[in-house]
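This report describes selected features of one protein structure for a reader who is new to the subject. Please keep the sequence and the model in view while reading.

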Amino acid sequence: MRTHLNLYRYYVYFENSSSNPYLIRRIEELNKTANGNVEAKVVCLFRRRDISGNLNTLADSNAREFEEESKQPSLSEQQKHQLKHRELFLSRQFESLPATHIRGKCNVTLLNETDVLAGYLEKEDCFFYSLVFDPVQKTLLADQGEIRVGSKYQAEIPDKLAEGESDPRIQEKLESKVWDPNNQLKDSQIDQFLVVARAVGTFARALDCSSSIRQPSLHMSAAAASRDITLFHAMDTLQKNSYDLAKAMSTLVPQGGPVLCRDEMEEWSASEAMLFEEALEKYGKDFNDIRQDFLPWKSLASVVQFYYMWKTTDRYIQQKRLKAAEADSKLKQVYIPTYTKPNPNQIMGPGSKPGMNGAAGFQKGLSCESCHTAQSPQWYAWGPPNMQCRLCASCWIYWKKYGGLKTPTQLEGAARSGSESGPRAHMTRQEVQGLSPFTRNEGRAKLLAKNRQTFILQTTKLTRVARRVCEDILQPRRAARRPYASINANAVKAECMIRLPKATKTPLKSKLVPRQSLAAIVKDLAVSAPLKLKASRGPPTPINRNQASQPRVAQSLLGKRGFDAVSATGVPYPANGRPYTSGMRTTSQSVIKRQKVSQGEAPNPVVFVATKDTRALRKHLTQSEMRRAARKPHLLVRIKLPPPPRPLAMPLVPSSTSEPIVLED
């Protein structure tokens, strides 16, 4: 970059990340901070990759309408892909960036119907915009400052009338005559009448209470009466009275009093004028936004008229002088040295070792992801680190400037959404279940209603070999823990083809395991099958807790698994096919009679209902034992019940006696 650049109102590249594309900003002003650094106040411009997919769809429809209206020549798919990288979206968002992050200039223009879209692809560092993006509201709107160039904005000129041909159009609807220069009055008479009109206007302001408050002095009222609105009213009065001075005088001063004519400068209050100046400082001459945000009670015509009258006042001249003084005190040029630091994404730089900044593991057999070339003086790591992708020098410059690859690839979308997949990778199990359709009954019912189709993923022989040969690059254990992370299979296979000739020629020793016959396998399964006991059917236990429940010999502790029953013999609860003792009940033998529900409506395949005795047994477990049982449901749980209380010794009272009972009076 050359030194001493005048960067005011220039579009430049800013670099905020070594791997992301440049930011495109428009410099509004340069400020020097207290510590001596230079900061640039810039206007933000956004690329297509910075907005959402819905807004991209809206931008596509706007681009199609533009191509149809302007009759653009047909483009190839690759040209359409690259043209999206040249489109920007203007915004009204400001930010401050250090001037040392500037990496070069670019050119951004407003798109109009006369432009040829293919011409932007032929020029370097050339962009266009036609829509305005609001980062807060997340909306795309057409730019209000559109240059209306084209056939539909041109006036239709009628044909010239022949000699003697009358004009069939109605002249009253086309125009109205407001002044006749060939009148019978002299210029001196007209000037005298205008002086009388100013005097009448000054007298009318003296009689008006609101005007006397705004212009308390005589010279202020005379100055207000000398404005153009009074002169226009006087000349219009002469035209309506056929330039008869006597009739015009009577029209200026009717029987009710003198006529008062006020323009927008008099109608607006001082507070409204202050709001207008504040809005003009913020939005410039965007009168629609000025009226919408600051002066909604004023009409658009009133705002425009006040602006042009305000430019004739001393207030405008004072502000213009203040802005000129501020511009003189600000920086106009800044020296930016050439940025020569190596990019940390370089795979191998001159005079450095390969594998800089996490770029280790890249092999020579890989090609450029954009142009698919295998030769380049410099390679750069690109995309997610686990994808092992790289770009050549020219494609890397294209990526940094235009925010995309020269050819459309699937990896470009993966690189763009790499930051979006990060938060989900660290989500808890409860958060992931909240995103799953199985957590809601209606989503689960819809999923179960669909036809389940079986599919098989069959790997090729080369893929199975690559898993063994390139185990250091593939990292199967890490890939199994992160199944959502994509793997560049082409890079792994390419490295495998390089390593295969270097592999050992000795055949691998494989141990053959004889397979048993089908009859032997069935016999082993029958022997190891658990014993199913037939429990006697008793009265069904109601689900309602208020109803009486049948006593059970042994209750399940947590409902989903058994536990060691506490008895005098201390025999544990059986599991895994062991023989059961008498009086024990298996978890599969449910004594609760449940209603049959459909598969789509059931929240779970099995419903466990805790009984009163089970809840009583849970109270004998400590908190640490409950946590241990929840973490390791396959282990048996033993409960130490407190000894039953001893009965109290009661004195024996004889039920009968042989002695007589004596009653005394």
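The report treats the strands, then a nonpolar core, the cysteines, a cavity and two single residues.

The structure is a predicted model, and every value given below was computed from it.

## The strands and their pairing

A convenient starting point is strand S6, which covers residues 126-134. Strand S6 has parallel pairing with strand S5, and four bridges join the two. Strand S4, residues 87-98, also pairs with S6 in the parallel sense, again over four bridges. Strand S7, residues 139-142, pairs with S6 in the antiparallel sense over four bridges. Away from S6, strand S5 (residues 102-110) has an antiparallel pairing with strand S1 (residues 11-14), over four bridges.

The table lists individual residues that face each other across these pairings.

| Residue | Opposite residue | Strand of the opposite residue |
|---|---|---|
| Val-12 | Lys-105 | S5 |
| Asn-107 | Cys-126 | S6 |
| Val-108 | Phe-127 | S6 |
| Glu-87 | Phe-128 | S6 |
| Asp-134 | Thr-139 | S7 |

The connection between S6 and S7 deserves a separate remark. These two strands form a hairpin, with four residues lying between them. In that turn, Lys-138 has a positive phi of about 60°.

How many of the nine residues of S6 are buried? The number is eight, so strand S6 is largely enclosed by the rest of the structure. For this statement, a residue counts as buried when its relative accessible area is under 20%.

## The largest nonpolar core

In soluble globular proteins, nonpolar side chains tend to be buried together. In this model, the largest nonpolar core contains 15 residues. The members that touch the most other members are Ile-24, Leu-88, Cys-106, Val-108 and Phe-127. Strands S1, S3 (38-46), S4, S5 and S6 each give two or more residues to this core, as does helix H15 (393-402). The largest share comes from S5, which supplies three residues. Two of the residues named for this core, Val-108 and Phe-127, are also bridge partners, with Phe-127 lying in S6.

## Cysteines without disulfides

The count of disulfides in the model is zero. Two pairs of cysteines illustrate this result. The closest cysteine sulfur to that of Cys-368 belongs to Cys-371, at 3.7 Å, which is too far for a bond. For Cys-392, the closest cysteine sulfur is in Cys-395, at 3.4 Å, and this too is too far for a bond. The reasoning rests on a cut-off: a disulfide requires two cysteine sulfur atoms within 2.5 Å.

Are Cys-368 and Cys-392 buried or exposed? Cys-368 is buried, because its relative accessible area is 1%. Cys-392 is likewise buried, with a relative accessible area of 4%.

## The largest cavity

The model has two cavities of 30 Å³ or more. The largest cavity has a volume of about 70 Å³.

Which residues line the largest cavity? The lining consists of Ala-197, Val-200, Gly-201, Arg-205, Thr-230, His-233, Leu-252, Val-259, Leu-260 and Cys-261. By type, six of the lining residues are nonpolar, three are polar and one is charged. Helix H5 (187-207) and helix H8 (228-240) each contribute at least two residues to the lining. Helix H5 provides the largest share, with four residues.

## Two residues in contrast

The final examples are one residue in a strand and one in a helix.

Phe-14 is found in strand S1. Phe-14 counts as buried, because its relative accessibility is 1%. Although Phe-14 and Ile-102 are 88 residues apart along the chain, their C-alpha atoms are separated by 4.6 Å.

Arg-468 lies in helix H20, which spans residues 461-469. With a relative accessibility of 72%, Arg-468 counts as exposed, the term used for values over 50%. The C-alpha atom of Arg-468 is separated by 9.2 Å from that of Cys-496, and the two residues are 28 residues apart along the chain.

Conventions
Residues numbered from 1 in each chain as written. Predicted model: local features only at pLDDT ≥ 70, side-chain atom pairs only at ≥ 80, totals over all residues. Heavy atoms only, no water. 1 Å grid on protein atoms, 1.4 Å probe; cavity = no way out; pocket = protein on both sides within 12 Å on 5 of 7 lines; lining within 4 Å. Points joined across faces, edges and corners; volume = space filled by probe spheres on them. Nonpolar A, V, L, I, M, F, W, Y, C, P; charged D, E, K, R; others polar. Pairing = 2+ DSSP bridges. Buried < 20%, exposed > 50% of the residue type's maximum accessible area, 1.4 Å probe, protein only. Core = buried A, V, L, I, M, F, W, Y, C linked by side-chain atoms within 4.5 Å.
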